[in-house]
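I opened this notebook to record what I looked up in one structure, entry by entry. The sequence and the model come before the notes.

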Amino acid sequence: MQPLSTAVHIMHADPIMTVGIHAVLADQPGLRVTTHLRQPEAQRVARVLVTDYDNGVALARQAGAASQAPGVLVVTQFDKEWEVRLAMDAGVAGYLPQSCGPDELAHAVDLLVRGQRYLSESMTRSVADSLTREALTGRETDVLQLLAQGCCNKSIARKLGIGVGTVKTHVKGVMSKLDATARTHAVVVATQRGLIRPGAGSAIQL
């Protein structure tokens, strides 16, 4: 008698990614691979769900601490520190960049099938680097957000209901923690690290 195949269900929002992931995993022994486009009902029996970022975070949160919940593997282009940490904190079990190779994808799925977790090397470095940096306070994050919107000190003070001197102190703290040489440099660094979504005018606290 042949051993039962392990069900892996692909729920990626990108149809091209779905086809590519399916092509890689369908060749792996011991896996029964389905896609949400063709067999949405297969999600109910899946051991591993392979998804995009937004679906992965939502599914992981819905599953919570349920003992029989499938492992969620995110395959995404999102690689900012806060994006990776948010997903892992939500309960995502695996995180891969879309540029990963077939072997790494297959390895990650194999680990999730075994109940383990997987974070790609590049993502691991990103998260590890973020943990070595001093985090912004809540008020510094507020100030950074308004700096990104082009607000001057007086405007920031008015919006936050604090004194201009206090704003200057927070700006100094932000620049120090981001190792920035100017206000605009601080915004650039914050955007590169993923503390601010480009063009969104909002900052995320790490």
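**Entry 1. Overall make-up.** How many helices and strands does the protein chain have? I counted nine helices and six strands. I note at the outset that the model is predicted. I then looked up burial across the chain: of its 206 residues, 45% are buried. The exposed surface of the chain comes to about 11,200 Å², and 52% of that is supplied by carbon and sulfur atoms. I also looked at contacts between residues at least 6 apart in sequence, and 58% of these join residues at least 24 apart.

**Entry 2. The nonpolar cores.** Which residues of the largest nonpolar core touch the most other members? I found Leu25, Val50, Leu73, Leu105 and Val109, out of 22 residues in this core. At least two core residues come from each of strand S1 (6-11), helix H1 (15-25), strand S2 (31-35), strand S3 (48-51), strand S4 (71-76) and helix H4 (102-113). H4 provides the largest share, six residues. I followed Val109 further, setting aside residues up to four places away in sequence, and listed Val8, Leu25, Leu31, Val48, Val50 and Leu73 as the residues that Val109 touches. I also recorded a second, separate core, which has 21 residues, among them Leu136, Ala157, Val189 and Ala190.

**Entry 3. Thr35.** I located Thr35 in strand S2. Is Thr35 buried or exposed? Its relative accessible area is 9%, under the 20% limit, and Thr35 therefore counts as buried. With neighbours within four places in sequence left aside, the contacts of Thr35 are His9, Ile10, Thr18, His22 and Pro40.

**Entry 4. Helix H3.** I examined helix H3, residues 81-90, and found this helix mostly covered, with seven of its 10 residues buried. The buried residues are Glu81, Trp82, Glu83, Val84, Ala87, Met88 and Ala90. Gly91 comes just after H3 and takes a positive phi of about 115°.

**Entry 5. Helix H7.** Which residues are buried in helix H7, residues 153-160? I noted Asn153, Ser155, Ile156, Ala157 and Leu160. Ala157 also appears in the second core. I then looked up what covers the buried residues of H7, and the cover includes helix H6 (138-148), helix H8 (164-177) and helix H9 (183-193). Just after H7, I found Gly161 with a positive phi of about 70°.

Methods:
Residues numbered from 1 in each chain as written. Predicted model: local features only at pLDDT ≥ 70, side-chain atom pairs only at ≥ 80, totals over all residues. Heavy atoms only, no water. Core = buried A, V, L, I, M, F, W, Y, C linked by side-chain atoms within 4.5 Å. Buried < 20%, exposed > 50% of the residue type's maximum accessible area, 1.4 Å probe, protein only. Helix = DSSP H or I, 4+ residues; strand = E, 2+ residues; numbered from the N terminus. Contact = heavy atoms within 4.5 Å. Areas by Shrake-Rupley, 256 points an atom, 1.4 Å probe, with all protein chains shown as cover.
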